[in-house]
Structures are given as C-alpha cells and as structure tokens.
Amino acid sequence: MSSRQPRILICGDLVWAHEEARQLFDGLADIVVMDSPNRADFLAGLKTRERYDGIVGIYRHNISADRIGVFDEEIIDALAETGTVKWIAHNGAGYDQIDVFRCAKKGISVSNTPGAVNDATATTALYLVISCLRNYAWGEQSLRQGTFKSVLNPGRAHDVTGRTLGILGLGGIGLRLAHLVHAFPMRVVYYSRNRSANAPEWCEYVDSVEGLCRESDVLSLHVPLRDETVHLVGEKEIRAMKKGSIIVNTARGKVVDEEAMIRALADGHLSSVGLDVYPNEPLVNPRLLEFPQNVLLPHMGTENQDSQRRMEVRALTNLRDFLRDGQGNDLVPELRSKL
Ligand SMILES: O=C(O)C(=O)CO
C-alpha cells in the first residue's frame, strides 16, 4: 500500500501565491501541476491513473480552458471516475465554465472566490461609469490621434453627481460599487431576486429588471451567468431605459443581448456602453468599435497583482480547508443544498 500523501492538481497557472501554496499544503498534500497540452491528453492522464493519480482536489483557473476546455460533463465525469477527486476550488467569482449540476450529481464540490474580487471588479465598473458619462476614454483617443478635443461634444457628456445608477444584482461587487458611487453622490437603485439585507437605506429597491431599467441613467450588471440570466437585459429592457442612457457590464457578456444593445447604440437610444466582458471572448464584435464613445476593456476587471494574489490564496485556502477539515468555504450556491 502506498504511503503517498494526497495530491492536488493546479489546473491553470498559479502566478502569485507559490509561497502561500507551499505553506498551505505543507504536510497535507503534494502539489502537481497540470501539464497536458490538450483535452485528450488530460483525459488520458486521468484515465491511466499515472500522471494524475491520487488527485483529491483541483485548483482551477479559467486560463486552463485554453488547453483543456471548460469543465463540462466529459471532464467532470472523468474526474468522478478517478474515485478520488472531491473538490474543485475555482479561482474567480464567475464559475460559468464549470457544469456545477454535473458536479452535484457526481458528488464533487465546487467553490469560487467571492469577496476576493469585489473591490477590483467594482473599481472597474466605476471607471466605466465615469468614463462613459464624461467621455474620458473618447477624449484620450482624440488626443492620441492628434485631434486634441475637437471631436468631443460636451453636449454628449454629463456630471456623475446626481445621476441614477441602477445596479442589477446587489451581491458583493454590486454593493461595493454602490458604496463607491454614493461618494459623489449618485442616486442608487437596485434589483436582486430578493431584497438585500445588506443594502444601505439610501439604496432603493426596485421590484423588476424592467423597472430598474426605467429608473437608471446608467445600468451596471452584477449577476452571474446562468441559464436564467442569459439575455436578462434584452430588447424590452433596453427600450425601457431612458433615451441617452448607458449600460456598463463587468459581469458576463451573455447577460446582455448584444445585438439589441448594438441596435440601440446605432439609433441613439443608448448613448454609450462600458464593457469589460463579451459573449465570445476573446472575440469582440467589431460593431462595438464603430462607436468611439464606447469604453471597451479586455476583461481586466481583476487584473492587478493584489486582487489576483488574494484570489489565488482564497481558492487554495478553500482546497486546504477541505483537505484538513473535510469542508471548504465558498461552496457555490447551486451546491449548498445538494451535496
Ligand atoms: O472573477 C471572475 O469571474 C472574473 O471574471 C474576473 O474578472
């Protein structure tokens, strides 16, 4: 019988938290790095019980999808067939690349890293809100193209103070954004499936997505991507917004109907959009580039070393807690009652 320690698999690069990983798993588990160049090799590595034998938990980052694809039914089933893998500690707030319902069926837990991303993602949304209202990014493009501010029109810009921000989804990120914009102050309204017990008294609840759209000068999206949130903001919701309003999206591209959004930009119903996320990343619909007033970022909501270290440590800690105590934190909501 082997006296080998349990093993954990790093699936997607660890960048910042190498030392923390060493400390967290010292005496508890060996760390194995997933080195498969493609999905077939990864599946074979799981099946042959050689390279990936004895893996009990997986640290996962979305970057691993570039090589082995998303954690769909095929991968989850292969993990389950090892008989040893019991926990996937995803690094990221959004876990739409993991079939969590399949995981539930196969007895595999999934955690994410809420909290660790709140500040960075809310700050990115704040930048998009400000830059869209004031046309700052457009101004910089104009300067860099040698036209200083001649293409700008103050008639297209607004003060931030006094505008109404609609927050769709008052979780950790939405709430952090609410506090940030309250400093101006902006008026803040929100919609969530349930009223939030954490909502400050100046944060007004609206009881439907359409109602939220009607109230908002700027609508900022903070819901996870699930079947029921695909195109949650569609033609009807966009047309319920005031003429000249703005959509900001740091959540997931598919939460908005992109075609409906582009139509509304083209006929001037929306004055601009501020986006960090797109339906088919890394592809960006070229039509979005036709509107110089749009502020478009390459999904960099958490791209800074402080947040990324925090996210890596949080995901690794969830895995460590599972190994040490039999139960990690941050279990995703879909699995809380199922396992
Ligand atoms: O945490 C996530 O899900 C992200 O998209 C990081 O930007």
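Mentor: Helices are DSSP runs of H or I with at least four residues, strands are E runs of at least two, and both are numbered from the N terminus. This is a predicted model, where local features need pLDDT of at least 70, side-chain atom pairs count only at pLDDT 80 or more, and totals for chains, interfaces and linings use all residues. Residues are numbered from 1 along each chain as its sequence is written, and side-chain values use heavy atoms, without hydrogens and water.

Trainee: Which element gives the largest share of the lining of the second largest pocket?

Mentor: A pocket is an open set of points on a 1 Å grid over the protein atoms alone where a 1.4 Å probe fits, with protein on both sides within 12 Å along at least five of seven lines; lining residues have an atom within 4 Å of a point. Here the lining includes Tyr127, Ala137, Glu140, Gln141, Phe291, Val295 and Leu296. Two elements give two or more residues to this lining: strand 12 (295-296) and helix 7 (136-144). The largest share, three residues, comes from helix 7.

Trainee: Which residue has a polar side-chain atom 3.3 Å from an oxygen atom of the ligand?

Mentor: Around the ligand, with a heavy atom within 4 Å of it, are Gly92, Ala93, Gly94, Val117, Arg252, His299, Thr302 and Met311. Ala93 brings a polar backbone atom to 2.7 Å from a ligand oxygen, and Gly94 also has a polar backbone atom 2.7 Å from a ligand oxygen. The side-chain atom at 3.3 Å belongs to Thr302.

Trainee: How much of the ligand's accessible area does the protein cover?

Mentor: Accessible areas come from the Shrake-Rupley method with a 1.4 Å probe. On its own, the ligand has 230 Å² of accessible area, and the protein covers 85%.

Conventions:
A polar contact is a pair of N or O atoms within 3.5 Å; within protein, one must be able to donate a hydrogen and the other to accept it, and residues adjacent in sequence count only if both atoms are side-chain atoms.
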